[in-house]
Amino acid sequence: MTTEIYNTVKNALSTILGTDSYPLFKTIMLWNSQTDHVLAEANDSYPWLSPACFIEFNNINCTNLSKKAQIQQCDYDMILHIVHDLRMNEDVSILDSKLKAYQKIQTLEFAMTEPTTGRLTRISENPNYDNNELQVYEQSYHSTYNDFSAVPIPNTGMVSNLIINQTIVTILP
């Protein structure tokens, strides 16, 4: 997975505002089973603030597009783990959070400087009821990107003596 895709998604999520006109998500990070760690008997999680959105990439399947396998097309899924702390009595606000996340990601377009990535399309939503202190909603998206990162970049350097002659062509064939 490319850093550019992660950073683009993270930046987009950070622009979503809550009802207080401040960023909705207080924590946006790469998924590392944070909710499992918080709920474990011996909580070994590092602290994070709620509401949170954790970004997971999985089901990354790559197909070679060139003979030397330097260019690949990768299909992938991205799961947003939207988490609210029930101890803070945030009972139905998670429904608003998941809607805002969907609206932002479903319409997200990647810039020309980012990888050749297709639009992220929502494929499912699942509440996770396995938590007694946290409320978790998982949104799954699917997309494809072309990976050119293994293509050798030609050597570049400074040109010290370059002369450019301007010529105006008046006779065209």
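This section describes the fold, the packing and selected local geometry of a predicted model.

The protein chain comprises three helices and six strands, arranged from the N terminus in the order α-β-α-β-β-α-β-β-β. Of its 173 residues, 35% are buried. Among contacts between residues at least 6 apart in sequence, 63% join residues at least 24 apart.

Strand S6 (134-147) takes part in several antiparallel pairings. With S3 (72-85), S6 pairs in the antiparallel sense over 14 bridges, and within this pairing Cys74 stands opposite Tyr145 of S6. Strand S5 (residues 121-128) is joined to S6 by seven bridges, again in antiparallel orientation; here Asn126 has Glu138 as its bridge partner in S6. The connection from S5 to S6 is a hairpin of five residues. Strand S4 (116-117) runs antiparallel to S6 and is linked to S6 by two bridges, with Thr116 partnered by Asn146.

Helix H1 (residues 3-14) contains 12 residues and spans 16 Å from its first C-alpha to its last, close to the 16 Å expected at 1.5 Å a residue. Its buried residues are Ile5, Tyr6, Thr8, Val9, Ala12 and Leu13. These residues lie on the same side of H1, because they cover an arc of only 165° around the axis. Such a pattern can be read against helical geometry: an α-helix has 3.6 residues a turn, so residues three or four places apart point the same way. The buried residues of H1 pack against strands S1 (27-30), S2, S3, S4 and S6, and against helix H3 (93-106).

The largest nonpolar core contains 26 residues, of which Leu13, Met78 and Leu80 touch the most other members. Elements H1, S2, S3, H3 and S6 each supply at least two residues of this core. Leu13, a buried residue of H1, is in contact with Phe25, Ile28, Cys53, Ile55, Leu80, Ala101 and Ile105, neighbours within four places in sequence being left aside. Apart from the largest core lies another, of six residues, including Phe54, Val83, Leu134 and Val136.

Several local features concern strand S2 (residues 52-64) and the loops that precede this strand. In the loop between S1 and helix H2, Ser33 adopts a positive phi of about 55° although it is not a glycine. Ser33 counts as partly exposed because its relative accessibility is 25%. The loop between H2 (34-39) and S2 holds Pro51, and the peptide bond from Ser50 to Pro51 is cis, with omega near -5°.

Within S2 itself, Asn59 also has a positive phi, near 50°, in a residue other than glycine. At 47% relative accessibility, Asn59 is therefore classed as partly exposed. The side chain of Asn59 forms a polar contact of 3.3 Å with the side chain of Asn58. Asn58, likewise located in S2, makes a further side-chain polar contact with Glu56, at 3.2 Å. Leaving aside neighbours within four places in sequence, Asn58 is in contact with Tyr76, Asp77 and Ile79.

Conventions:
Residues are numbered from 1 along each chain as its sequence is written. This is a predicted model: local features need pLDDT of at least 70, side-chain atom pairs count only at pLDDT 80 or more; totals for chains, interfaces and linings use all residues. Side-chain values use heavy atoms; hydrogens and water are left out. Helices (H or I, at least four residues) and strands (E, at least two) are DSSP runs, numbered from the N terminus. A polar contact is a pair of N or O atoms within 3.5 Å; within protein, one must be able to donate a hydrogen and the other to accept it, and residues adjacent in sequence count only if both atoms are side-chain atoms. Contact means heavy atoms within 4.5 Å. The expected span of a helix is 1.5 Å times one less than its number of residues. Buried means under 20% relative accessible area, exposed over 50%, partly exposed in between (1.4 Å probe, protein chains only). The arc is that of the directions from the helix axis to the C-beta atoms. Two strands pair if DSSP finds at least two bridges between them. A nonpolar core is a set of buried Ala, Val, Leu, Ile, Met, Phe, Trp, Tyr and Cys residues joined through side-chain atoms within 4.5 Å.
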